[in-house]
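Welcome! Keep the sequence and the 3D view open while you work through the exercises below. Try each task yourself before reading its solution.

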Amino acid sequence: MKTLITGSTGFLGSAVLRELLDDGREVKVLVRKGTDTANIDGLDVEIAYGDLRDLESIRSALNGCDILYHVAAYYSLWDRDQQLIYEINVEGTRKILQAAKEKGLEKIVYTSTVGCIGLNEDQTPATENTFFNQNTLSNDYKKSKYQAEQIVLEFARNGLPVVIVNPSTPVGPRDIKPTPTGKIILDFLKRDMPAYLDTGLNLIDVADCARGHILAEKKGVSGEKYILGNRNMSLFEILVTLEKITGLKAPLVKIPYWAALSAGWVCEAISNHITGKPPAIPLAGVRMAKYFMYFDASKAVQKLGLPQSPVEKALKKAVCW
C-alpha cells in the first residue's frame, strides 16, 4: 500500500512524512521543481515532481497510490500575487481530489486549519460544532482555506472517503520558512520582540499533530472534522515559557490592538508601494491576533487517540532546532 503526501518539504508535512516512514509505510511525495528539499533530504521516499496547478502531474503522482495526505498549502500572510494563494489552496485542492476520485483511492486526509473553525466571543475553547462567522476570515490565506474546505466537504458528501483535520498551532523542529508562530520564537531568540499583543493560541507538538493525521486516516469518519490541538495559552504565557527555557527575558510591554493595527497598515503600504517585500508587521497577522484562537481538541483525543505531549517540551525542541 503506497501513500502520496503533498507538502512534505514544509514544517507540518515533513513531520507527517516522518510519522508515515516510522510506521513502515511506502511513501511517494509530490514536490515542485526548485523547492527547498532540506526537510526530506536523505529520507527513503519516492519523489514525483509536479504542481497542484497541473492536473496531469497530479494524476501521474497518484499512480500506484492507495492513500493521499493533502498537507500542502500556500501559507502566506502577504503576497503581491494574491490570486496565487487561491490557485494553489482552492483550485489545487479541487484538482487533487478530482484525481483521487478518478483513481479510486481508499482514504484521503485533508489538512485544513482551525482558521476554518468558529470562535466563541467569550474566549472559551471552540469545538468542531461552534458556529462559524465568516467575518473572522481576515486574510486571503484563511479565505482560501475556508473555500477549499467547502470543496472537500462537497466531495465527501458525494462519496469520496476524505477526512478533514484542523491543526491548531504546531510547534517544533524543521519550521524552515518559518511559520508565523515559528517567527515569534525566532524573534524572541533574536531579541526582536520588544512588546507583545494580548492574544492567544492553541499549541500542539508538531509530532503529535502529524500523528493525528495518521490516526485520522485509520479511525476518522469521512466528511468529519477533527481539531488537532492541545493547550490554550496567551501569547504572554508562551513568551514567559520561552523565558524559562532560554533564560532570555520576555517582553513586558503590551501593545494596544489599535497601535498594532496602525503599524500593520503602514508596513503594508510600504511593502505594496515601495519595497515589494513582505511587511515587517503583516496586517493580516495583526487582524488574526484580534481573536483568541482557543480550541477544544476533545473529539480528536477521544475518537482518534490524539497524543497530548507537553507543549513546553515542543517549544524547547523548537528553540533547540
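A residue is called buried when its relative accessible area is under 20%, exposed when over 50%, and partly exposed in between, using a 1.4 Å probe and protein chains only. This is a predicted model, where local features need pLDDT of at least 70 and side-chain atom pairs count only at pLDDT 80 or more, while totals for chains, interfaces and linings use all residues. Residues are numbered from 1 along each chain as its sequence is written, and side-chain values use heavy atoms, with hydrogens and water left out.

**Exercise 1. The salt bridges of Arg211**

Task: Find the salt bridge that Arg211 forms with Glu19 and the one that Arg211 forms with Asp23, and work out which parts of the chain they link.

Solution:

Step 1. Start with the rule: a salt bridge is a side-chain nitrogen of Lys or Arg within 4 Å of a carboxyl oxygen of Asp or Glu. The count by this rule is 17 salt bridges.

Step 2. Look at Arg211 and Glu19, whose side chains form a salt bridge with an N to O distance of 2.7 Å. Because Arg211 sits in helix α6 (residues 206–219) and Glu19 in helix α1 (residues 11–22), this pair ties together parts that are 192 residues apart in sequence. Helices and strands here are DSSP runs numbered from the N terminus: H or I of at least four residues for helices, E of at least two for strands.

Step 3. Turn to Asp23, which also forms a salt bridge with Arg211, with 2.9 Å between the closest N and O atoms. Here helix α6 is linked to the loop between α1 and β2 (26–31), with the two residues 188 apart.

Step 4. Check the accessibility. Arg211 has a relative accessible area of 17% and so is buried, whereas Asp23, at 34%, is partly exposed.

**Exercise 2. Another long-range pair**

Task: Which parts of the chain do Glu224 and Lys299 link?

Solution:

Step 1. The closest N and O atoms of the Glu224–Lys299 salt bridge are 2.6 Å apart.

Step 2. Glu224 belongs to the loop between α6 and β10 (225–228) and Lys299 to helix α10 (residues 298–303), so the pair, 75 residues apart, links distant parts of the chain.

Step 3. Glu224 is partly exposed at 32% relative accessibility, and Lys299 is partly exposed at 22%.

Step 4. For a further search, locate Lys2, Glu26, Lys28 and Glu46, which are joined in a network of salt bridges.

**Exercise 3. Walking across the sheet**

Task: In what order do the seven strands of the open sheet lie?

Solution:

Step 1. Some background first: strands of a sheet pair through backbone hydrogen bonds, either parallel or antiparallel. Two strands count as paired if DSSP finds at least two bridges between them.

Step 2. The order is β3-β2-β1-β4-β5-β6-β10, with parallel pairing. At the edges are β3 (46–49) and β10, each pairing on one side only.

Step 3. Follow some of the pairings. Four bridges join β2 to β3, and Leu30 has Ala48 in β3 as its bridge partner. Four bridges also join β5 to β6, where Tyr110 is partnered by Ile164 of β6. Between β6 and β10 there are four bridges too, and Asn166 stands opposite Ile227 in β10.

Step 4. Now examine the faces of β6. Val162, Ile164 and Asn166 on one side and Val163, Val165 and Pro167 on the other are all buried.

Step 5. In β10, Lys225 and Ile227 point one way, Tyr226 and Leu228 point the other way, and all are buried.

**Exercise 4. A serine in helix α4**

Task: Is Ser144 buried or exposed, and which residues does Ser144 touch?

Solution:

Step 1. Ser144 lies in helix α4, which spans residues 140–157 and lies across β5 (107–111), β6 (162–167) and β10.

Step 2. With 0% relative accessibility, Ser144 is buried.

Step 3. Contact means heavy atoms within 4.5 Å. Leaving out residues up to four places away in sequence, Ser144 touches Ile85, Tyr86, Asn89 and Val90.

**Exercise 5. Two helices that meet**

Task: Which residues make the contact between α7 and α11?

Solution:

Step 1. The axes of helix α7 (residues 235–246) and helix α11 (residues 311–320) come within 10 Å and cross at roughly 60°. Axes are lines fitted to C-alpha atoms, for helices over the stretch in contact, and angles run from 0 to 180 degrees between N-to-C directions.

Step 2. From α7 come Thr241, Leu242, Ile245 and Thr246, and from α11 come Glu312, Leu315, Lys316 and Val319.
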